[in-house]
Amino acid sequence: MNKLIVSPSPHASTIESVPSLMYGVIISLLPALGVSVYYFGIGMVIITLVSVLSCVLFEYLIQKFVLKGKPTHLDGSAILTGMLLAFCLPANLPFFMVIIGALVAVGVGKMTFGGLGNNIFNPALVGRVFLFISFPVAMTSWPVPGQWMKYTDALTGATPLGLMKEGLAMKTVGEIMPGLPSSLHLFLGNMMGSSGEVAAFALLIGMIYLLYKKIITWHIPISILGTVFIFTGILWLANPDRFADPLFHMLTGGLMLGAIYMATDYVTSPMTKKGMLIYGVGIGIVTVLIRVFGAYPEGVQFAILIFNGFTPLLNKYIKPKRFGKEVSHG
Amino acid sequence: MRLKTFSRGGVHPPENKLSAGMAIRELPPPELVIIPVSQHLGSPAKVLVERGDEVIVGQLIAESTGFISTNIHASVSGKVLKVDRFPDSTGYRNMAVQIQVEGDRWSEDIDRSDDVVPNTVLGQEDIRKKILEAGVVGLGGATFPSHVKLMVPKGKTAEYLLINGVECEPYLTADHMLMMERSEEIVAGIKLLMRGLGVEKAILGIENNKPDAIGKMKKLTDGTPIRVQGLKVKYPQGGEKQLVHALLKREVPSGGLPIDVGVVVFNVGTANAVYEAVMKSRPLIDRVVTVTGKSLEKPSNFQVRIGTPVSYLIEKAGGLPGDTAKVINGGPMMGKALSDLDVPVVKGSSGIVVIRDEEASRKEVKPCIRCTRCVGVCPMGLEPYLLMTLSEKKLFERMETEKVMDCMECGSCSFTCPSARPLLDYIRLGKAEVGKIMRSRKAV
């Protein structure tokens with residue numbers, strides 16, 4: 001008789017795997033990708049392809065030649081990092097900058113910490129922030145939607161958040177608002193902004209898919225969005241001339257992309273539900289503080305990175321509720 | 001009917017109840033049986049027979065040796081070939097009595113009729129005594145001597161008797177079929193246990209994937225103090241603490257027992273064995289075992305004598321399929337993989353699951369991506385990913401403060417890990433080390 005396999009229990013395992021989860025997230029990004037291609041045309045296609053291919057290639061090269069291990073570049077995580085990086089760049093960014101961003105995202109953001117599962121900060125955001133600091137002009141020239149065949153030659157403009165920030169120096173919210181896209185356009189994504197962050201509705205569809213497939217839980221996205229809504233709502237009620245309404249804040253900038261995709265990155269977010277809620281509320285508060293009182297028009301990226309840094313601390317001190325109270329023995 | 005369940009953690013492994021609906025078939029005794037003297041939790045029984053002795057079915061061959069221990073009986077008639085150490089399902093060699101089967105002669109004391117005797121005048125003491133005499137242990141798998149559970153410690157009171165008809169392990173159907181075919185015996189057994197414990201209320205919990213059993217038991221218990229409660233299908237609902245929580249919303253304390261919240265839990269199979277022991281004077285000499293597997297020709301529920309080799313059961317279920325790579329004693333979530341198919345069926349054997357090649361090997365271990373699934377599914381509210389890391393780094397004292405000893409090894413964490421990390425392996429290792437530390441502290 002052939003020899004029997006002996007191993008400890010359990011002898012059954014889930015059908016989920018790292019690739020199935022990663023590709024699940026990638027699938028959920030497709031509606032947003034479609035909408036972005038619709039608005040930004042060829043530019044979106046170029047930066048997405050360049051970003052994904054460079055992330056996969058850098059992951060392969062580093063694993064093979066630097067770490068000298070078995071490359072896992074096709075497990076979906078590098079593709080996902082590439083997509084998310086592209087999503088938070090302007091669609092007219094020169095491709096060499098995209099390649100640099102990908103190198104920093106994968107090389108510095110992920111591999112220096114030991115690869116998948118070990119990084120403290122979200123790799124795509126590390127790449128984005130590096131580019132933001134290195135190429136501040138290119139990173140803040142946003143193509144006007146609808147120029148299908150234009151890439152780096154596209155006409156550019158400012159984001160609604162940028163216009164709001166600038167405008168508030170001289171004017172009231174009521175005077176600025178007519179110059180901005182309507183809420184419907186904001187919802188549909190017809191505005192200047194990072195390539196993948198514009199279409200709130202498509203990102204929300206992605207979130208519903210992720211929740212339905214149980215790839216993520218509601219705790220992080222809902223606590224971030226809820227906090228931003230409540231915090232900006234309080235400010236708006238206190239002084240509607242100085243502070244934009246909560247809906248405006250919900251639909252602009254990288255909030256949806258950040259709350260649904262960046263902050264929910266498994267590796268860099270907390271391990272317990274309670275921890276996730278604290279993390280989400282923290283990200284929401286810091287986002288609003290930067291947007292409303294800080295120097296930058298948008299603060300989601302920094303808020304997430306800051307709370308990525310708090311994640312180990314949250315994991316250490318926030319414990320799940322254990323089953324059964326302690327009893328004293330004898 | 002409103003279904004209940006426990007609230008923290010849990011998983012939904014594929015049920016694969018292939019042998020559901022297969023009537024229990026009584027197998028004739030094999031040629032040789034090996035009856036270990038330690039089939040229960042607690043101290044091993046002391047052997048009373050020698051090589052060459054003639055024994056009959058139901059004869060005491062090893063007696064209880066302490067407070068937590070119980071009796072062992074001959075399950076067949078014949079001649080004792082050897083009293084020696086034999087390999088058993090643990091993989092180790094342990095003391096056992098090997099009997100060459102000759103005929104099928106039964107002890108006169110055993111009532112072998114099929115008549116169900118529903119009532120008795122026996123008191124608490126007598127019931128406990130009969131259970132000990134018959135060597136009844138928990139048949140759900142933990143094999144804790146049943147008479148001990150009926151002795152409520154001083155200062156504690158039993159309010160509820162809970163009967164576990166959950167059978168949450170995938171594949172297994174022994175309890176299901178037992179509830180279908182021995183329902184009256186089980187009800188009588190539950191009444192005996194209630195009397196033995198001195199409680200007025202009993203609840204029988206059955207998962208909703210056995211609607212026929214729920215219906216049947218409901219009908220039979222109508223008008224009795226026994227309540228039948230349907231439960232949502234979720235593993236590990238058959239875990240004692242989970243069942244208590246599902247049925248009564250009471251949390252058994254960490255390091256405590258159900259009696260700390262006024263509850264005692266028995267399995268349906270145990271209720272049946274208690275009935276047989278008390279009303280029929282029939283010791284625990286056989287049990288129902290599910291023999292199943294996707295490639296097996298005839299997945300079955302067999303009533304087999306204790307000590308029967310596992311290989312004999314597989315033979316009767318159509319023989320070992322060619323693509324077999326693993327054979328599990330018990331269910332796939334908590335059962336033990338066997339290295340030798342000649343090991344005997346013991347009191348705690350609820351099933352033999354034959355696993356095919358493609359499902360037998362573990363998947364490649366990937367890095368932890370901190371997806372939080374293991375934390376989410378842990379029914380005890382532990383953090384398996386953390387416990388594994390601590391165990392790898394040999395930080396055992398820290399594991400103790402992280403409550404590793406609460407782990408009941410249900411395997412939900414390892415099951416659910418998308419990176420196929422051996423979480424439970426490392427947690428077990430840690431538990432063993434923490435156990436040593438705790439014992440050495442006690443010794444000082």
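Q: What makes strand E9 and strand E10 of chain B a pair?
A: Six bridges join E9 (residues 160-165) to E10 (residues 201-207) in chain B. Two strands pair if DSSP finds at least two bridges between them, so E9(B) and E10(B) count as paired, and they run parallel. Strands here are DSSP runs of E with at least two residues, helices are runs of H or I with at least four, and both are numbered from the N terminus. One bridge sets Leu161(B) against Ala202(B) in E10(B).

Q: What kind of structure is this, and which residues count for local features?
A: This is a predicted model, in which local features need pLDDT of at least 70 and side-chain atom pairs pLDDT 80 or more, while totals for chains, interfaces and linings use all residues. Residues are numbered from 1 along each chain as its sequence is written, with chains lettered from A and ligands numbered from 1 in the order in which they are written.

Q: Why is the sheet of four strands in chain B called open?
A: The order is E11-E10-E9-E12, with parallel pairing. The edge strands, E11 (226-231) and E12 (263-267) of chain B, each pair on one side only. Neighbouring strands are turned by 25° against each other on average, direction ignored.

Q: How do you know that helix H4 of chain B lies across this sheet, and at what angle to E9(B)?
A: Helix H4 (residues 183-197) lies across E9, E10, E11 and E12 of chain B, at about 150° to E9(B). Axes are lines fitted to C-alpha atoms, for helices over the stretch in contact, and angles run from 0 to 180 degrees between N-to-C directions. Helix H7 (residues 268-280) of chain B touches E9 and E12, making about 85° with E12(B).

Q: What makes E7(B) and E8(B) a hairpin?
A: Nine bridges join strand E7 (residues 78-87) of chain B to E8(B), and the two run antiparallel. Five residues lie between them, and Gly91(B) in the turn has a positive phi of about 95°. Lys79(B) has Gln100(B) as its bridge partner in E8(B).

Q: How many bridges join E2 to E8 in chain B?
A: Five bridges join E2 (residues 32-36) to E8 (residues 93-101), and these strands run antiparallel. Ile34(B) stands opposite Gln98(B).

Q: How many residues of chain A and of chain B are in contact?
A: 31 residues of chain A are in contact with 53 residues of chain B. Contact means that the C-beta atoms, placed from the backbone, lie within 7 Å.

Methods. Two residues are in contact if their C-beta atoms, placed from the backbone, lie within 7 Å.
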